[in-house]
Amino acid sequence: MGFLHAMTCATEGIQCTAAVRWQSYEAMCGVYWEAEGKAGATGYYRSPDPRVMLFFNDVSSHIGMSERGAVENRGERPLCRAIYIPAGMPLWTRFSADHRFSHLDLHLKGAWLLNRLTPTLGASEAAAVLQRPVELQDVAGILAIGEALKQDVCTAARHPLFAEGLAVALTVGLLDLPGPEECGAGASGGLTPTQIRRLRKLLDEHAGSRLTNAELADAVSLSPGWFARAFKKTTGKTPLYWQHEHRIALVKSALLTGNEMIADVSMRFGFADQAHLTRVFRQVTGTTPAAWLRDSRPK
């Protein structure tokens with residue numbers, strides 16, 4: 001008996017257009033779906049195992065997703081062509097229009113995947129990688145692997161090792177792994193370039209609010225205390241001052257390119273009022289927003 005997945009799911013308005021084809025292997029289960037959803041159709045999915053979804057057609061303009069709750073209540077983003085979903089992470093989807101689609105769903109034995117990554121990454125980094133969700137719209141680098149794996153799932157024409165090898169290659173191609181130049185970059189106690197990029201992305205997504213150390217640490221799978229020390233060692237700044245710099249850069253751009261009053265801009269980027277913005281602005285730049293704007297505009 002091969003590996004059988006256990007997933008909680010509930011869908012409404014989605015139906016198969018062809019027989020579901022699947023294969024169970026020693027350490028993973030592959031399922032190939034052809035289906036369609038009506039406008040307003042919804043889905044909820046949660047698995048105790050890590051999994052990969054690879055769509056063979058673009059779904060980003062028709063299906064929205066969220067991992068924080070029903071998408072109509074929590075805000076949605078487009079569902080990408082390929083996603084890696086860590087074990088236990090829920091996923092909600094909603095169709096904005098009628099759409100036919102096909103995708104490969106891989107349910108992976110977590111311990112097996114961890115064992116495959118550990119010799120190269122180390123146990124702690126491998127575990128952290130497997131906790132980070134990934135969304136990828138450009139699937140050119142992994143689509144051929146997915147096509148080959150889909151064929152094996154549908155026909156079981158080759159030895160199971162072939163399919164499991166493809167599953168590892170597909171998953172590794174999707175995971176948020178450090179590049180060759182980044183391996184060991186955090187060994188001295190600092191953050192890796194991958195972690196810094198993830199933090200910048202998080203700030204961009206929360207431009208109107210200040211994130212706590214705990215929220216920043218969670219994004220890079222570190223404890224708040226360890227994160228604060230690693231961050232200071234890497235950047236020479238505290239996380240709070242670094243966020244101030246990022247938000248002030250956004251404020252500058254808004255002041256130069258728009259017609260908003262300084263008070264309105266301060267509220268948009270999460271400052272309590274104009275006085276609060278002025279204090280932080282002076283701390284970062286050495287001047288006030290009004291003086292900086294006056295000096296920056298063309299004479």
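Leaving aside its neighbours within four places in sequence, which residues is Arg 198 in contact with? Select Arg 198 to begin; the model on screen is a predicted one. Beyond that sequence window, the contacts of Arg 198 are Arg 132, Asp 176, Ala 219 and Val 220. Arg 198 sits in helix H6, which covers residues 193–205. Its relative accessible area is 16%, so Arg 198 is classed as buried, the cut-off being under 20%.

**The largest pocket**

Keep Arg 198 selected and display the largest pocket, a space of about 1200 Å³. The lining has 34 residues, and Arg 198 is among those closest to the centre, together with Glu 67, Pro 133, Lys 201 and Glu 205. Next, colour the elements that give two or more residues to this lining: strand S7 (82–85), strand S10 (134–136), helix H5 (160–174), H6 and helix H7 (213–219). The largest share comes from H6, with six residues. Colouring the lining of the largest pocket by class gives 15 nonpolar, six polar and 13 charged residues.

**The second largest pocket**

Now move to the second largest pocket, with a volume of about 480 Å³. Select Thr 11, Trp 33, Tyr 45, His 103 and Asp 105, which lie nearest its centre among the 27 lining residues. Strands to show here are S1 (8–16), S3 (28–46), S4 (51–55), S8 (91–95) and S9 (99–108), each of which supplies at least two residues of the lining. By class, the lining of the second largest pocket divides into 19 nonpolar, six polar and two charged residues.

**Helix H3**

Go to Ala 123, in helix H3 (residues 123–130). Is Ala 123 buried or exposed? With a relative accessibility of 51%, Ala 123 counts as exposed, because the cut-off for that class is over 50%. Apart from neighbours within four places in sequence, Ala 123 is in contact with Leu 114 and Thr 118.

**Helix H11**

The last stop is helix H11, residues 274–285. Measure from the first C-alpha to the last in the viewer: the twelve residues of H11 reach 16 Å, close to the 16 Å expected at 1.5 Å a residue. Which residues of H11 are buried? Select Leu 277, Val 280 and Phe 281, the buried residues of this helix. They cover an arc of only 105° around the axis, and therefore lie on the same side of H11. A view down the helix axis is a suitable place to end the tour.

Conventions:
Residues numbered from 1 in each chain as written. Predicted model: local features only at pLDDT ≥ 70, side-chain atom pairs only at ≥ 80, totals over all residues. Heavy atoms only, no water. Helix = DSSP H or I, 4+ residues; strand = E, 2+ residues; numbered from the N terminus. Buried < 20%, exposed > 50% of the residue type's maximum accessible area, 1.4 Å probe, protein only. Contact = heavy atoms within 4.5 Å. 1 Å grid on protein atoms, 1.4 Å probe; cavity = no way out; pocket = protein on both sides within 12 Å on 5 of 7 lines; lining within 4 Å. Points joined across faces, edges and corners; volume = space filled by probe spheres on them. Nonpolar A, V, L, I, M, F, W, Y, C, P; charged D, E, K, R; others polar. Expected span 1.5 Å × (residues − 1). Arc of directions from axis to C-beta.
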